[in-house]
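Trainee: I have a model to go through. I would like each label tested against its definition.
Mentor: Good. Put it up and ask.

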Amino acid sequence: FAIQEVLVALKTELELSGNEGMLVVDEEDADRTDILFIAANPLGNGQLNLDREVEDIENSLLRAKLRDQFTLHRLVATRPEDFLLRIRSLRPEFVHFSGHGEKEGIYMLDEYEQLMLVGHGEIEAFFKLQKDLVRCVVLNACFSESLARQLCQYVKYVIGTMERVADQDAIEFSKLFYAAVGEGDDIPMAFKVARLNLMVNSRPGGIFRMCCRADENGGIECV
């Protein structure tokens with residue numbers, strides 16, 4: 001499927017079904033926070049250590065005080081249709097994308113596991129359909145701040161990067177951020193803790209930016 005076709009199908013489903021399409025959650029799972037880790041490491045581009053990143057996130061949550069309140073889901077070798085349909089079915093509170101990015105968008109896989117640049121407009125269109133269902137998006141990819149700003153129209157908190165980010169710095173940020181979330185910090189505080197920890201260890205924590213809706217009129221603030 002082309003990503004435009006998936007978007008049209010999802011929009012039609014939402015218009016026709018209203019709340020009938022909502023995912024049914026068992027009562028015992030209702031209080032758990034779902035985190036969806038989305039990995040895209042296409043052939044032909046610089047390989048990232050995405051397995052290490054998701055393992056570090058998982059270990060951070062397992063060691064945390066509130067570890068029983070989180071469920072980490074993995075989606076690897078991600079194609080655009082996988083990304084769209086998985087978020088639609090799971091409805092996670094956190095969506096974490098890890099992979100390559102450029103100023104024009106983020107890379108996913110095509111059907112041949114080759115590079116496919118998914119533009120800002122297509123990603124924004126999907127989150128518009130899912131407005132306010134996702135609480136936080138982490139775009140752990142290079143040059144993702146501009147996309148973070150756009151997505152803030154539909155997601156309360158979006159984290160991106162101002163420039164290129166080294167693989168190890170991206171992994172360390174993720175580990176620190178989810179460790180703080182797992183200890184009970186809210187999203188802004190967890191972001192500040194992760195960024196400060198990088199900076200005090202002489203690492204480029206300042207390239208990470210968190211954008212959020214500053215008011216009900218749609219104002220966006222990035223820190």
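Trainee: How many disulfides does a search of the whole structure find?
Mentor: One. Bear in mind that this is a predicted model.

Trainee: What makes C211 and C222 a disulfide?
Mentor: The cut-off for a pair of cysteine sulfur atoms is 2.5 Å. The sulfur atoms of C211 and C222 are 2.1 Å apart. That is within the cut-off, so the pair is called a disulfide.

Trainee: Which parts does the pair tie together?
Mentor: C211 lies in strand β9 and C222 in strand β10. The disulfide therefore ties together parts that are 11 residues apart in sequence.

Trainee: Why is the disulfide of C211 and C222 called right-handed?
Mentor: Look at the torsion about the S-S bond. Its value is about 105 degrees, so the disulfide is right-handed.

Trainee: On to the strands. What is the order of the open sheet of seven strands?
Mentor: The order is β2-β1-β3-β7-β8-β9-β10, and the pairing is mixed.

Trainee: Why are β2 and β10 said to stand at the edges?
Mentor: Count partners. β2 (70-75) and β10 (220-222) each have a single partner strand, so one side of each is left without a neighbour in the sheet. From one strand to the next, the twist averages 15 degrees.

Trainee: How do you know that β1 and β2 pair, and in which sense do they run?
Mentor: Pairing needs at least two bridges. β1 and β2 are joined by six, so they count as a pair. They run parallel. For a residue-level check, T33 stands opposite F70 in β2.

Trainee: Which helices lie across this set of strands, and at what angles?
Mentor: Helix α3 (residues 80-90) lies across β1, β2 and β3, at about 175 degrees to β1. Angles run from 0 to 180 degrees between N-to-C directions, so α3 and β1 point in nearly opposite directions. Helix α7 (residues 187-200) lies across β3, β7, β8 (157-161) and β9 (208-213). Its angle to β9 is about 165 degrees.

Trainee: What is the order of the open sheet of three strands?
Mentor: β4-β5-β6, with antiparallel pairing. The edge strands are β4 (101-102) and β6, each pairing on one side only.

Trainee: What makes β5 and β6 a pair?
Mentor: Again, the threshold is at least two bridges. β5 (residues 105-109) and β6 (residues 115-119) have five, so they qualify. The sense is antiparallel. I106 stands opposite V118 in β6, and G105 stands opposite G119 in β6.

Trainee: What is found between the strands of that hairpin?
Mentor: Five residues. E113 takes a positive phi near 60 degrees in this hairpin.

Trainee: Which residues is G119 in contact with, leaving aside its neighbours within four places in sequence?
Mentor: E104 and G105. Contact means heavy atoms within 4.5 Å. The C-alpha atoms of G119 and E104 are separated by 5.8 Å, yet that value does not enter the contact test, because the test takes heavy atoms in general. G119 and E104 are 15 residues apart along the chain.

Trainee: Which helix lies across β4, β5 and β6?
Mentor: α4, running at about 60 degrees to β6.

Trainee: Now the cavities. How many of 30 Å³ or more does a search of the whole structure find?
Mentor: Two. The largest has about 50 Å³ of space, and the second largest about 30 Å³.

Trainee: What makes the lining of the largest cavity nonpolar by class?
Mentor: Its residues are F83, V95, F97, I106, I123, F127, V137, L139 and L151. Phe, Val, Ile and Leu count as nonpolar. The lining therefore has nine nonpolar, no polar and no charged residues. β3 (94-99), α4 (120-129) and β7 (136-140) each supply at least two of the lining residues.

Trainee: How many charged residues line the second largest cavity?
Mentor: Two, beside five nonpolar and no polar residues. The lining is F37, A39, L50, D51, V54, R74 and V76. Asp and Arg count as charged, so D51 and R74 are the two. α2 gives the most to this lining, with three residues.

Terms used: Residues numbered from 1 in each chain as written. Predicted model: local features only at pLDDT ≥ 70, side-chain atom pairs only at ≥ 80, totals over all residues. Heavy atoms only, no water. 1 Å grid on protein atoms, 1.4 Å probe; cavity = no way out; pocket = protein on both sides within 12 Å on 5 of 7 lines; lining within 4 Å. Points joined across faces, edges and corners; volume = space filled by probe spheres on them. Helix = DSSP H or I, 4+ residues; strand = E, 2+ residues; numbered from the N terminus.
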